[in-house]
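Let's take a friendly walk through a protein model. Keep the picture open while you read, and look for each residue as it comes up.

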Amino acid sequence: RAALAAGFARWCEVCDWARRAREEEEKAAADARAEGVKLERAGRLLARMLNRHLNTAFNTWRDNAAAAIALRRSLQKLAMRWQRMQLSAPFERWVEVVEEAVRVRGLLRKAVHRMGRA
């Protein structure tokens, strides 16, 4: 009888050990799943943060590029205006010369007219 009781006690110990091992494995699996969920959430959060930063960086680049294009156009307009001013300078000088010649011609006409009356 003692041998049967000892065998039964040993069998109970093995069963308890197997049950604890199975519970530990299940707990480890549950912990791993929970950790996986945490990592997945963290990954999604990180992806959102990166996307937000990438989006902000892209919008900043786009705005800077648009400003650079607008500045380039303004400078081109200014350069064209300066070129037109340089091209129009000889014409403006010719107009001044003609106006001066007309003014001098009027003065001479008045002087000749006064001399003719005298």
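Here is a short tour of the helix, its salt bridges, its cysteines and a nonpolar patch.

## Before we start

This is a predicted model, where local features need pLDDT of at least 70 and side-chain atom pairs count only at pLDDT 80 or more, while totals for chains, interfaces and linings use all residues. Residues are numbered from 1 along each chain as its sequence is written, and side-chain values use heavy atoms, with hydrogens and water left out.

## The helix α1

Start with helix α1, which covers residues 2–117. Helices here are DSSP runs of H or I with at least four residues, numbered from the N terminus. At 1.5 Å a residue, the 116 residues of α1 should span 172 Å (the expected span is 1.5 Å times one less than the number of residues). The end C-alpha atoms of α1 are 167 Å apart, which agrees.

Now look for S88, where α1 has a kink of about 35°. That bend is the angle between axes fitted to the seven residues ending there and the seven starting there. The proline P90 comes shortly after the kink.

## Salt bridges along the helix

How many salt bridges does a search of the whole structure find? It finds eight. To count, a side-chain nitrogen of Lys or Arg has to be within 4 Å of a carboxyl oxygen of Asp or Glu.

Take R10 and E13: their closest N and O atoms are 3.4 Å apart. They sit three residues apart in α1, so about one helical turn separates them. That spacing is handy to remember: an α-helix has 3.6 residues a turn, so residues three or four places apart point the same way. As for solvent, R10 is exposed at 51% relative accessible area, and E13 is partly exposed at 48%. (Buried means under 20%, exposed over 50%, and partly exposed in between, using a 1.4 Å probe and protein chains only.)

You'll meet this spacing again with R19 and D16, also three residues apart in α1. Their salt bridge has its closest N and O atoms 3.5 Å apart. R19 is partly exposed at 35%, and D16 is partly exposed at 34%. E23 joins in too: D16, R19 and E23 form a network of salt bridges.

Further along, R103 and E100 meet with 2.7 Å from N to O. Here again, the two are three residues apart in α1, about one helical turn. R103 is partly exposed at 47%, and so is E100, at 38%.

## Two cysteines, no bond

A disulfide is a covalent bond between the sulfur atoms of two cysteines. The rule used here asks for a pair of cysteine sulfur atoms within 2.5 Å, and the count comes to zero.

Why don't C12 and C15 make a disulfide? The closest cysteine sulfur to that of C12 is in C15, 6.4 Å away, which is too far for a bond. Both residues are partly exposed, C12 at 27% relative accessibility and C15 at 33%.

## A nonpolar patch

Finally, find F91, W94, V98 and V102, which make a nonpolar surface patch of about 410 Å². Patches are built from residues with over 30% relative accessible area and no salt bridge, joining like charges within 9 Å and nonpolar side chains (Val, Leu, Ile, Met, Phe, Trp, Tyr) within 5 Å. The areas come from the Shrake-Rupley method with a 1.4 Å probe, and for residues only the protein chains shown count as cover. W94 lies in helix α1 and is exposed, with a relative accessible area of 52%.
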